[in-house]
Amino acid sequence: MVLKANSRRKKRVSLKAKLGKSRLKLLAIPLILASLGWLYHDLRQQWLKPEAIFVLGGHADRERFAAKLAKEYPDLPIWVSSGSPRRYVRKIFKKAGIPPERLHLDYNARDTVTNFTSLADQLKAQGIDSVYLVTSDNHMRRARLVGEIVFGSRGIVIKPVTVPSQSPPEPLEKSLRDGFRAILWIITGSTGEFWLKSASSPHQFPTQSK
């Protein structure tokens with residue numbers, strides 16, 4: 001009887017061990033898939049040659065920096081999202097010797113999230129799969145997070161090019177907030193822009209610095 005009891009216990013222990021290993025294998029599958037996904041993304045980011053320069057508005061320094069970058073890559077079109085006034089932006093690029101036909105100005109964006117959502121489909125429709133992302137160093141963390149989500153959902157890879165600034169780093173909360181808004185846009189088509197407006201001030205519309 002004792003031998004049979006011991007045998008049953010061993011079988012139970014063995015069964016539990018097998019079930020435990022099976023669960024671990026099942027848990028490992030999504031982790032492996034996620035790792036492969038990130039590996040593919042990193043390789044694609046390294047291999048794909050940018051097909052456009054994408055500039056986030058907000059500071060003229062970014063546009064001047066982008067004009068210098070455009071001289072290094074004379075075949076790339078330049079997209080400026082809600083930057084300085086049209087005449088001023090054109091003057092910056094003209095002074096740098098950039099032909100006007102390379103320059104595309106869009107003023108639909110009101111903040112960092114809409115910088116990307118307002119142009120993601122348009123860039124994809126033109127066959128653009130990779131862009132140089134130009135913005136200030138203190139803004140790059142947030143811009144890159146939003147860009148990876150929004151542009152990434154359209155298969156567009158971003159390569160960050162930071163513009164030096166004297167501004168302090170942005171708080172992490174802004175990156176988390178806009179990351180959530182970017183995901184919301186993918187799911188619902190809304191960026192939560194009017195919710196942000198109400199939360200910040202009932203009388204003040206979100207500006208490019210939001």
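A salt bridge is counted here where a side-chain nitrogen of Lys or Arg lies within 4 Å of a carboxyl oxygen of Asp or Glu. The legends below describe close-up views of a predicted model.

**View 1. D178 and R177 meet in a salt bridge within a linked network of charged residues.** The side chains of D178 and R177 come together at 3.0 Å, taken from N to O. The two residues belong to a network of salt bridges that links D111, R142, E170, R177, D178 and R181. D178 counts as buried, because its relative accessibility is 0% and the term applies under 20%. By the rule given at the start, the count of salt bridges in the model comes to 9.

**View 2. R154 and D121 join a loop to a helix through a salt bridge.** The distance between the side chains of R154 and D121 is 2.6 Å, N to O. R154 sits in the loop between α6 (140–150) and β5, whereas D121 belongs to helix α5 (residues 120–125), so the pair ties together parts that are 33 residues apart in sequence. R154 is partly exposed, with a relative accessible area of 26%, and D121 is likewise counted as partly exposed, at 43% relative accessibility.

**View 3. R144 and E148 form a salt bridge inside helix α6.** Both residues lie in α6, where R144 and E148 are 4 residues apart, about one turn of the helix. Their side chains meet at 3.7 Å, N to O. R144 counts as partly exposed at 34% relative accessibility, and E148 also counts as partly exposed, with a value of 25%.

**View 4. S175 of helix α7 is buried and touches R141, R142 and L145.** S175 is found in α7, a helix that spans residues 172–188. The relative accessible area of S175 is 3%, and S175 is therefore classed as buried, a term that applies under 20%. When its neighbours within four places in sequence are left aside, S175 is in contact with R141, R142 and L145. R142, one of these contacts, is also a member of the salt-bridge network that includes D178 and R177.

**View 5. Five strands form an open parallel sheet.** The 5 strands follow the order β3-β2-β1-β4-β5, and their pairing is parallel. The edge strands, each of which pairs on one side only, are β3 (103–106) and β5 (157–163). From one strand to the next, the twist averages 20 degrees. At one edge of the sheet, strand β4 (residues 130–136) pairs with β5 over 7 bridges in the parallel sense, and I158 in β5 is the bridge partner of V131.

**View 6. Strand β2 pairs with β1 and with β3.** Strand β1 (residues 52–56) runs parallel to β2 and is joined to β2 by 4 bridges, with I53 standing opposite I78 in β2. The pairing of β2 with β3 is also parallel and is made over 4 bridges, and in β3 the bridge partner of S81 is D106. The chain crosses from β2 through α3 to β3, and this β-α-β crossover is right-handed. A right-handed β-α-β unit is also made by β1, α2 and β2. In a regular strand the side chains alternate between the two faces of the sheet. Within β2, I78 and V80 point one way while W79 and S81 point the other way, and all of them are buried.

**View 7. Helix α3 lies across strands β2 and β3 with one buried face.** Helix α3 (residues 86–95) lies across β2 (78–81) and β3, and runs at about 155 degrees to β3. V89, I92 and F93 are the buried residues of α3. Seen down the helix axis, these buried residues fall within an arc of 90 degrees, so they line one face of the helix. The buried residues of α3 pack against α2 (60–72), β2 and β3, whereas R87, K91, K94 and K95, on the other side of α3, are exposed. Just after α3 comes G97, which takes a positive phi of about 80 degrees.

Key:
Residues are numbered from 1 along each chain as its sequence is written. This is a predicted model: local features need pLDDT of at least 70, side-chain atom pairs count only at pLDDT 80 or more; totals for chains, interfaces and linings use all residues. Side-chain values use heavy atoms; hydrogens and water are left out. Two strands pair if DSSP finds at least two bridges between them. Helices (H or I, at least four residues) and strands (E, at least two) are DSSP runs, numbered from the N terminus. Axes are lines fitted to C-alpha atoms, for helices over the stretch in contact, and angles run from 0 to 180 degrees between N-to-C directions. Contact means heavy atoms within 4.5 Å. Buried means under 20% relative accessible area, exposed over 50%, partly exposed in between (1.4 Å probe, protein chains only). The arc is that of the directions from the helix axis to the C-beta atoms. A crossover is right-handed if, with the strands pointing away from the viewer, the path from the first strand over the helix to the second runs clockwise.
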